[in-house]
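Open the model in your viewer and keep the selection box at hand. This tour goes stop by stop, saying what to select and what is there.

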Amino acid sequence: LILLHIPFFSIPVVWTLTNVIHNLAMYVFLHTVKGTPFETPDQGKARLLTHWEQMDYGLQFTSSRKFLSISPIVLYLLASFYTKYDAAHFLINTASLLSVLLPKLPQFHGVRVFGINKY
């Protein structure tokens, strides 16, 4: 709603920006930030794991993980529909979706691509 009040943004631009901002925020909070914001009794094991890796004790395909995987897909479908599948918006939305869905796959659990965020 805030982006809709900016006069020179069209509706397709607003939906694309909403999708990209949401996916960027979820990537940072779920897949980049490590550790816990409070003291845990795990003797420091959680300090090397991202929030996504700590969630549900590392079990895959739980209800909370499914919800957090489905929500960017639904937002992607809405953004694609409201941008009328324009090629530029579609490419940006698809790249944004892939950048947030690939780290959620079980094959990437604990993997640091190119050593980024290793420590």
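Helices (H or I, at least four residues) and strands (E, at least two) are DSSP runs, numbered from the N terminus. This is a predicted model: local features need pLDDT of at least 70, side-chain atom pairs count only at pLDDT 80 or more, and totals for chains, interfaces and linings use all residues. Residues are numbered from 1 along each chain as its sequence is written, and side-chain values use heavy atoms, with hydrogens and water left out.

**Stop 1: a loop residue with positive phi**

Select Phe-61. Phe-61 sits in the loop between α2 (51-54) and α3. Its phi is positive, about 60°, although Phe-61 is not a glycine. Is the residue buried or exposed? Phe-61 counts as exposed, at 60% relative accessibility. The cut-offs: buried means under 20% relative accessible area, exposed over 50%, and partly exposed in between (1.4 Å probe, protein chains only).

Now jump to Tyr-85. Tyr-85 lies in the loop between α3 and α4. Tyr-85 is not a glycine either, yet has a positive phi of about 55°. Tyr-85 is exposed, with a relative accessible area of 52%.

**Stop 2: α1 against α3**

Select α1 (residues 11-32) and α3 (residues 63-82). The two helices pack at an angle of about 165°, with their axes 8 Å apart. Axes here are lines fitted to C-alpha atoms, for helices over the stretch in contact, and angles run from 0 to 180 degrees between N-to-C directions. α1 and α3 are therefore roughly antiparallel to each other. On this scale, angles under 35 degrees count as roughly parallel, over 145 as roughly antiparallel, 65 to 115 as roughly perpendicular and the rest as oblique.

α1 passes α3 in a left-handed crossing. A crossing is left-handed if the near helix is turned anticlockwise from the far one by less than a right angle, and right-handed if clockwise.

Which residues make the contact (heavy atoms within 4.5 Å)? Show Pro-12, Trp-15, Thr-18, Asn-19, His-22, Asn-23 and Leu-30 on α1. On α3, show Leu-68, Pro-72, Leu-75, Tyr-76, Leu-78, Ala-79 and Tyr-82.

**Stop 3: α1 against α4**

Keep α1 and add α4 (87-101). The axes of α1 and α4 come within 9 Å and cross at roughly 15°. That makes α1 roughly parallel to α4. The crossing of α1 and α4 is left-handed. From α1, the contact residues include Val-13, Thr-16, Val-20, Met-26 and Tyr-27. From α4, they include His-89, Ile-92, Asn-93, Ser-96 and Leu-97.

**Stop 4: two buried residues**

Select Asn-19, in helix α1. Asn-19 is buried, with a relative accessible area of 0%. Leave aside its neighbours within four places in sequence, and Asn-19 is in contact with Leu-75, Tyr-76, Ala-79, Asn-93 and Ser-96.

Next, select Thr-83, in the loop between α3 and α4. Thr-83 counts as buried, at 5% relative accessibility. What does Thr-83 contact, leaving aside its neighbours within four places in sequence? Its partners are Pro-12, Trp-15, Thr-16, His-89 and Asn-93. For scale, add Lys-45: C-alpha to C-alpha, Thr-83 and Lys-45 are 44 Å apart in space and 38 residues apart in sequence.

**Stop 5: aromatic pairs**

A search of the whole structure finds four aromatic pairs. Rings of Phe, Tyr and Trp (its six-membered ring) pair if their centres lie within 6.5 Å; planes under 30 degrees apart count as stacked, over 60 as edge-to-face and the rest as tilted.

Select Phe-8 and Phe-9. This pair is edge-to-face, 5.0 Å centre to centre with 75° between the planes. Phe-8 is exposed at 67% relative accessible area, and Phe-9 is partly exposed at 26%.

Move to Trp-15 and Tyr-82. These rings are stacked, 4.9 Å centre to centre with 10° between the planes. Trp-15 lies in α1 and Tyr-82 in α3, so the pair ties together parts that are 67 residues apart in sequence. Trp-15 is partly exposed, at 24%. Tyr-82 is partly exposed too, at 37%. Add Phe-81: ring pairs link Trp-15, Phe-81 and Tyr-82 into a cluster.

**Last stop: charges over a ring**

Select Trp-52 with Arg-65 and Lys-104. The charged end of Arg-65 sits over the Trp-52 ring, 4.8 Å from its centre. Lys-104 lies over the face of Trp-52, at 5.0 Å from the ring centre. The test is NZ of Lys or CZ of Arg within 6 Å of the ring centre and within 35 degrees of the ring normal.

Technical notes. Contact = heavy atoms within 4.5 Å.
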